[in-house]
Amino acid sequence: RVLARIKAAFAPPAARGERSMAGMMWPSNRGWPGSWQADRIEQVRHYKGWVYVAINAIAEEISSQKPQVAYVVQAPPQVKTRLRPLTKALARLRPGEELELCEANHPLVMLLANPNGPDTSVEFWYEFSLFLCLTGSAYVWVVANKVGLPDELWVIPSHWVRTVPGTERLVERYEIRPYLSAAGGFDIPASEIIHVKYASPLTKLEGHAPLQAGAEWIDCDESVSQSRWAAFKNGVWPGLHMELPLDAGYSDPTEQDLDKIYAKFTARFQGEMKTDRPVITGPGVKLNRLTLTPMELGYFQSAEQLRDFVLALFRVNKSIIGISEDVNYATAIAAM
């Protein structure tokens with residue numbers, strides 16, 4: 001606490017622009033989670049179907065990459081062209097600069113290799129990518145040791161976090177309230193949180209999730225899937241029409257008679273596992289084959305269209321998830 005106070009005392013004052021922006025960021029409704037721009041708990045519940053397939057592909061690819069840490073150094077003036085140790089970097093290098101990989105025992109290298117006790121590096125980056133894609137915001141808690149150096153990195157689930165604006169700074173602190181936890185919550189200073197977000201057209205405090213932009217597509221896709229499931233569970237598929245004999249007193253069957261017939265009929269033939277099951281009737285009962293409308297064909301077309309919409313929302317190629325047949329080595333590398 002003493003170190004934090006000393007650090008705060010010597011911290012540079014907030015710029016005039018940040019103070020002005022901070023004063024405007026207080027929401028009119030300070031409820032929880034009403035201050036969010038979208039219901040993050042609802043977004044997390046949509047981690048299924050094609051949303052899961054797309055995000056899982058992204059998260060698996062990111063988590064499989066080993067982070068590289070390097071120094072940006074000045075190239076010797078006598079060397080005009082020099083191969084750089086790294087071909088990929090977060091920032092573009094200026095003329096006369098090059099990258100030198102950090103040694104294996106560098107504190108940041110070791111921290112990224114082992115972010116915290118329970119999580120491996122793969123699990124950490126998978127969870128980071130998961131919440132960034134689901135909610136448009138990913139929160140990393142940087143826990144310092146006794147001398148004030150970063151010692152642990154934790155991904156805080158986005159639906160646990162509420163951003164609290166300040167009066168001097170754009171963000172003063174973050175309220176952490178674990179979902180469905182009886183233990184309550186706690187506050188984390190803004191200086192200990194790394195907030196990575198997709199730019200939002202609504203606010204400067206929160207990210208804009210792909211699920212907000214494509215909410216109708218995702219809802220329609222889930223509705224089509226539920227409708228297909230219900231059609232197979234509740235549908236009766238004998239493919240036949242039953243004609244009752246007149247001489248058996250069925251010229252005008254009562255509601256009670258129909259209910260009794262339907263109850264027996266559905267008990268034997270309802271459900272996808274009883275499709276085209278043979279029908280055995282008494283004498284005089286006629287069965288006629290029906291030409292059913294190809295409802296499943298319509299389901300297939302709409303489901304395929306919505307799948308492409310959802311994958312495009314996350315910019316995931318169909319060949320990445322293994323449903324495209326015309327893939328060769330060159331197209332696979334390009335898609336990756």
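**View 1. Three strands, β5-β6-β7, make up an open sheet in this predicted model.** Their pairing is antiparallel. Strands β5 (161–164) and β7 (186–189) stand at the edges. Each has a single partner strand, so one side of each is left without a neighbour in the sheet. From one strand to the next, the twist averages 25°. Strands of a sheet pair through backbone hydrogen bonds, either parallel or antiparallel.

**View 2. Strand β6 meets β7 in the antiparallel sense.** Strand β6 covers residues 173–176. Four bridges link β6 and β7. Which residue of β7 is the bridge partner of Tyr174? That partner is Ile188.

**View 3. Leu112 sits in helix α5.** The helix spans residues 107–113. Is Leu112 buried or exposed? Its relative accessibility is 15%. The cut-off for buried is under 20%, so Leu112 counts as buried.

**View 4. Leu112 has contacts beyond its sequence neighbours.** Neighbours within four places in sequence are left aside here. What remains is Pro67, Val69, Ser121, Trp125 and Leu153. Take Trp125, one of these contacts. Leu112 and Trp125 are 13 residues apart in sequence. From C-alpha to C-alpha, the two are 9.6 Å apart in space.

**View 5. Two cysteines, Cys133 and Cys220, are shown with their accessibility.** Cys133 has a relative accessible area of 5%. That value is under 20%, so Cys133 is buried. Cys220 is at 40% relative accessibility. Partly exposed is the class between 20% and 50%, so Cys220 counts as partly exposed. A disulfide is a covalent bond between the sulfur atoms of two cysteines. How many disulfides does the structure hold? The number is zero.

**View 6. The whole protein chain gives the setting for the close-ups: eleven helices and ten strands.** The chain has 336 residues, and buried residues make up 30% of them. The accessible surface of the chain comes to about 22,500 Å². Carbon and sulfur atoms hold 57% of that surface. Consider the contacts in the chain with a separation of 6 or more. Residues 24 or more positions apart account for 64% of them.

Terms used:
Residues numbered from 1 in each chain as written. Predicted model: local features only at pLDDT ≥ 70, side-chain atom pairs only at ≥ 80, totals over all residues. Heavy atoms only, no water. Helix = DSSP H or I, 4+ residues; strand = E, 2+ residues; numbered from the N terminus. Buried < 20%, exposed > 50% of the residue type's maximum accessible area, 1.4 Å probe, protein only. Contact = heavy atoms within 4.5 Å. Areas by Shrake-Rupley, 256 points an atom, 1.4 Å probe, with all protein chains shown as cover. Pairing = 2+ DSSP bridges. Axes fitted to C-alpha atoms, helices over the stretch in contact; angles between N-to-C directions. Disulfide = S-S within 2.5 Å.
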